[in-house]
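Please work through the exercises below with the model open beside the text, and attempt each task before reading its solution.

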Amino acid sequence: MIVCHCNYITDGDVAATVVEMLDQDPWQLIVPGKVYRALEKRGKCCSCFPNVVEIIVSTVEDYHERRRSEPDEALRLVSRLRSMSDNYRQSLGIPARAS
Ligand code: FES
């Protein structure tokens, strides 16, 4: 599914890039700008960023679940990502996700 219409980026492109980044450093904080830089793209209208953040969060969760990472560390990282996502959504006036 296309997640960024300005750059023709799919959800699979984002998820694959996030996994590549996590393989390099599993505890890094990944934001849309880092993903787009890795894909050699740039945010144009940036209306896709809230959905890209959601893909990042779910990919990080799945990654650490598969790796059976230390649960406390993984939970802290995912909490930071969710907080970033909530703040971003709030700044754009987008309703918070259902928990
Ligand atoms: S939809 Fe992604 S930058 Fe515009």
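Three exercises follow, each with a worked solution. The model is a predicted one, in which local features need pLDDT of at least 70 and side-chain atom pairs count only at pLDDT 80 or more, while totals for chains, interfaces and linings use all residues. Residues are numbered from 1 along each chain as its sequence is written.

**Exercise 1.** Determine the pattern of helices and strands that the protein chain follows along the sequence.

Solution. Take helices (H or I, at least four residues) and strands (E, at least two) as DSSP runs, numbered from the N terminus. The protein chain then comes to 4 helices and 2 strands, and, read along the sequence, the pattern is β-β-α-α-α-α.

**Exercise 2.** Decide whether the radius of gyration of the protein chain agrees or disagrees with that of a compact globule.

Solution. The radius is taken over C-alpha atoms, and the globule rule is 2.2 Å times the number of residues to the power 0.38. For 99 residues the rule gives a value near 13 Å, and because the protein chain has 13 Å, the two agree. Along the principal axes, the C-alpha atoms fill a box of roughly 35 × 30 × 20 Å.

**Exercise 3.** Describe the surroundings of Tyr88, beginning with the helix in which Tyr88 lies.

Solution. Tyr88 lies in helix α4, which covers residues 71-91. Tyr88 has 17 other C-beta atoms within 10 Å and is therefore partly exposed, since 20 or more would make a residue buried and 12 or fewer exposed, with C-beta atoms placed from the backbone. Leaving aside neighbours within four places in sequence, Tyr88 is in contact with Phe49, Pro50 and Val53, where contact requires C-beta atoms, placed from the backbone, to lie within 7 Å.

Definitions and conventions:
Contact = placed C-beta atoms within 7 Å.
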